[in-house]
Amino acid sequence: MASGLNGSICGLLTQDVFPVNDTAGFINDAVLSAVNAPLCVFAFLSNLVAIVAVVKTPSLHKPSTILLCGLALADCLTGVISHPLFIARRLMIHRAHISCDYQLELYVLHRCSMRLSTLLSFVILTVMSFDRQYALSKPLHYRADITNRAFNVSLDGLAWPVLLHASVTTSQRHSLDVS
């Protein structure tokens with residue numbers, strides 16, 4: 001990644017398009033931000049409603065529904081963390097020719113949050129596919145073997161090491177030189 005850095009403009013990657021006093025680019029980013037802002041709120045609130053409904057309803061406390069709650073939690077995190085960072089980054093990129101304040105840090109935070117939320121979604125989807133495969137191939141064993149407690153323990157044992165590994169490799173890849 002270090003070879004793609006453009007040292008002349010805030011240390012950001014060359015793939016970023018830096019507007020040069022371009023009102024059309026600013027209007028485009030403003031409209032993009034205006035569309036993304038309500039979608040962030042909607043993504044968070046709608047997934048939060050799904051999580052609260054499952055938590056409050058005891059009949060929904062099943063392993064497959066717990067996995068759906070995990071997916072809703074990943075979407076909540078995306079709506080609360082990743083998308084607002086994207087909006088801030090798109091609006092602050094127009095200040096790159098004036099000031100480099102927090103441009104690189106914002107870029108790194110945005111990329112790390114997107115990678116972690118995407119990885120969390122993929123881990124949950126993978127566990128869901130194995131869960132459904134086991135439920136379809138051995139339905140009688142599935143009901144006896146998969147209880148809520150055993151399922152939660154196995155999910156915690158799988159998800160946290162994967163997310164920890166991803167956060168360490170992402171932070172190593174985007175280490176910031178603060179001088």
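In the predicted model, residues 67–88 are 100% helix and 0% strand. The end C-alpha atoms of this span lie 31 Å apart. Residues 67–88 carry the feature "transmembrane region" in UniProt, in an unreviewed entry. The same record places that feature at residues 35–55 as well. For residues 35–55, the end C-alpha atoms are likewise 31 Å apart, and this span is also 100% helix with 0% strand.

The two spans belong to a chain with five helices and zero strands. Read from the N terminus, the order of elements is α-α-α-α-α. The chain has 179 residues, of which 32% count as buried. Its exposed area is about 11300 Å², and carbon and sulfur atoms supply 68% of that area. Among contacts in the chain with a separation of 6 or more, 74% come from residues 24 or more positions apart.

Helix H1 covers residues 23–56 and has 34 residues. At 1.5 Å a residue, a helix of this length should span 50 Å. The end C-alpha atoms of H1 are 49 Å apart, which agrees with that expectation. Seven positions of H1 are listed as buried: Asp29, Ser33, Asn36, Cys40, Asn47, Ile51 and Val54. The buried residues of H1 pack against H2. Cysteine 40, one of the buried residues of H1, has a relative accessible area of 8%.

Asparagine 47, another of the buried residues of H1, is in contact with aspartate 75. Aspartate 75 lies in helix H2. Along the chain, aspartate 75 and asparagine 47 are 28 residues apart, while their C-alpha atoms are separated by 6.8 Å. With residues up to four places away in sequence set aside, aspartate 75 touches Ser121 in addition to Asn47. Aspartate 75 counts as partly exposed because its relative accessibility is 33%, which falls between the limits of 20% for buried and 50% for exposed.

The largest nonpolar core consists of seven residues, namely Leu67, Leu71, Ala74, Leu120, Ile124, Val127 and Met128. Helix H2 (63–92) and helix H3 (103–137) each supply at least two residues of this core. The helix that gives the most is H3, with four residues. Alanine 74, a member of the core, touches Ser117, Leu120 and Ser121 when residues up to four places away in sequence are not counted. Ser121 is thus a contact of alanine 74 and a contact of aspartate 75.

Leucine 120 is found in helix H3 and is a further member of the core. Leucine 120 is buried because its relative accessible area is 12%, under the limit of 20%. The C-alpha atoms of leucine 120 and leucine 77 are separated by 10.0 Å, and the two residues are 43 positions apart along the chain.

Two histidines were examined. Histidine 110 is located in helix H3 and is buried, with a relative accessible area of 9%. Apart from neighbours within four places in sequence, the contacts of histidine 110 are Ser82, Leu85, Phe86 and Arg89. Histidine 141 is located in helix H4, which covers residues 139–145. At 48% relative accessibility, histidine 141 counts as partly exposed. Histidine 141 is in contact with Tyr134 and Ile146, again not counting residues up to four places away in sequence.

The cysteines were also considered. Cysteine 69 is buried, with a relative accessible area of 14%. The closest cysteine sulfur to that of cysteine 69 belongs to cysteine 76, at 9.8 Å. This distance is too far for a bond, because a disulfide requires the two sulfur atoms to be within 2.5 Å. The count of disulfides comes to zero.

Definitions and conventions
Residues are numbered from 1 along each chain as its sequence is written. This is a predicted model: local features need pLDDT of at least 70, side-chain atom pairs count only at pLDDT 80 or more; totals for chains, interfaces and linings use all residues. Side-chain values use heavy atoms; hydrogens and water are left out. Buried means under 20% relative accessible area, exposed over 50%, partly exposed in between (1.4 Å probe, protein chains only). Contact means heavy atoms within 4.5 Å. Accessible areas come from the Shrake-Rupley method with a 1.4 Å probe; for residues, only the protein chains shown count as cover. A nonpolar core is a set of buried Ala, Val, Leu, Ile, Met, Phe, Trp, Tyr and Cys residues joined through side-chain atoms within 4.5 Å. UniProt positions are given in the numbering used here, feature names are shortened, and annotations may be inferred rather than shown by experiment. The expected span of a helix is 1.5 Å times one less than its number of residues.
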